[in-house]
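Biologist: Please take a close look at the charged side chains for me, and tell me where they sit and what they pair with. I'd enjoy a full walk-through, with any neighbouring topic you like at the end.

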Amino acid sequence: MLRVLMILVPLALDIYAFIDCLTTDERKVRGLPKLAWVFLILLFPLFGAIGWLIAGREKSSQVAGGGGAFGFGGRGQGRQLAPDDNPEFLASLSKDDRKPSDVPTSGNDEDEMLKRWEEDLKHREDDLRSPDQDNPEGRAKDKD
């Protein structure tokens with residue numbers, strides 16, 4: 001088990017440092033050019049990765065967001081809020097932004113539309129129940 005850890009921990013550290021180096025902005029790289037850091041990490045896996053983590057990148061990028069470990073826990077600095085936690089979003093819900101055309105003028109329009117739908121549905125049901133020329137008994141057709 002110890003032998004496996006002695007191989008996996010440096011490998012994981014090297015992979016992390018390599019990906020971190022590749023994704024870091026050129027302006028945030030310190031000491032050497034970014035390409036030189038990539039070659040150092042690849043040629044000297046453990047020492048290159050440790051060197052990159054200690055001296056290669058800016059310290060401010062390690063604690064992005066002003067929070068605790070891994071950049072979490074910031075106090076609203078650059079943090080995106082969920083809609084139900086965002087006071088601006090909640091305030092916008094309370095405003096009545098509907099257009100006058102969206103608000104029904106009376107219940108008569110809705111009643112008329114409902115009556116038309118009911119009549120249409122009744123006609124369709126009657127058509128389905130009535131026998132047609134191909135099926136005089138009015139039975140459902142078998143699908144072959």
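**Charged side chains, paired and unpaired**

Modeller: Happy to, and let's start at the surface: R27 counts as exposed because its relative accessibility is 70%, where the cut-off for exposed is over 50%. Please keep in mind that this is a predicted model. The partner of R27 is D25, and their side chains form a salt bridge with 2.6 Å from N to O. D25 reaches 32% relative accessibility, so this residue is classed as partly exposed.

In general, side chains of opposite charge can pair when their charged atoms come close. Here the structure has three salt bridges, so let's go on to the others, each of which meets the limit of 4 Å between nitrogen and oxygen.

R57 and D20 bring their side chains together at 2.7 Å, N to O. This salt bridge joins distant parts of the chain, with D20 in helix 1 (residues 2–23) and R57 in the loop between helix 3 and helix 4 (87–94), 37 residues apart. Both partners, R57 and D20, are buried.

Helix 5 holds another salt bridge: D120 and R124 both belong to this helix and are four residues apart, about one turn. Their side chains meet at 3.3 Å, N to O. D120 has a relative accessibility of 37%, so it is partly exposed; R124, at 55%, counts as exposed.

Helix 5 (residues 107–129) also contains D109. This residue belongs to a negative surface patch, which D109, E110, D111 and E112 make up. With a relative accessible area of 46%, D109 is partly exposed. Residues in such a patch need over 30% relative accessible area and no salt bridge, so D109 is not a partner in any of the pairs above.

Now for a neighbouring topic, the aromatic rings. The count of aromatic pairs is one. The pair is W37 with W52: their ring centres are 5.7 Å apart and the planes stand at 65 degrees, so the arrangement is edge-to-face. Because W37 is in helix 2 (residues 34–43) and W52 in helix 3 (residues 45–56), the pair ties together parts 15 residues apart in sequence. W37 has 7% relative accessibility and so counts as buried, and W52 is buried too, with a relative accessible area of 0%.

Technical notes. Residues are numbered from 1 along each chain as its sequence is written. This is a predicted model: local features need pLDDT of at least 70, side-chain atom pairs count only at pLDDT 80 or more; totals for chains, interfaces and linings use all residues. Side-chain values use heavy atoms; hydrogens and water are left out. Patches are made of residues with over 30% relative accessible area and no salt bridge: like charges are joined within 9 Å, nonpolar side chains (Val, Leu, Ile, Met, Phe, Trp, Tyr) within 5 Å. Accessible areas come from the Shrake-Rupley method with a 1.4 Å probe; for residues, only the protein chains shown count as cover. Lys and Arg count as positive and Asp and Glu as negative; His and the chain ends are not counted. The place of a charge is taken as NZ of Lys, CZ of Arg, CG of Asp or CD of Glu. Helices (H or I, at least four residues) and strands (E, at least two) are DSSP runs, numbered from the N terminus. Buried means under 20% relative accessible area, exposed over 50%, partly exposed in between (1.4 Å probe, protein chains only). Rings of Phe, Tyr and Trp (its six-membered ring) pair if their centres lie within 6.5 Å; planes under 30 degrees apart count as stacked, over 60 as edge-to-face and the rest as tilted.
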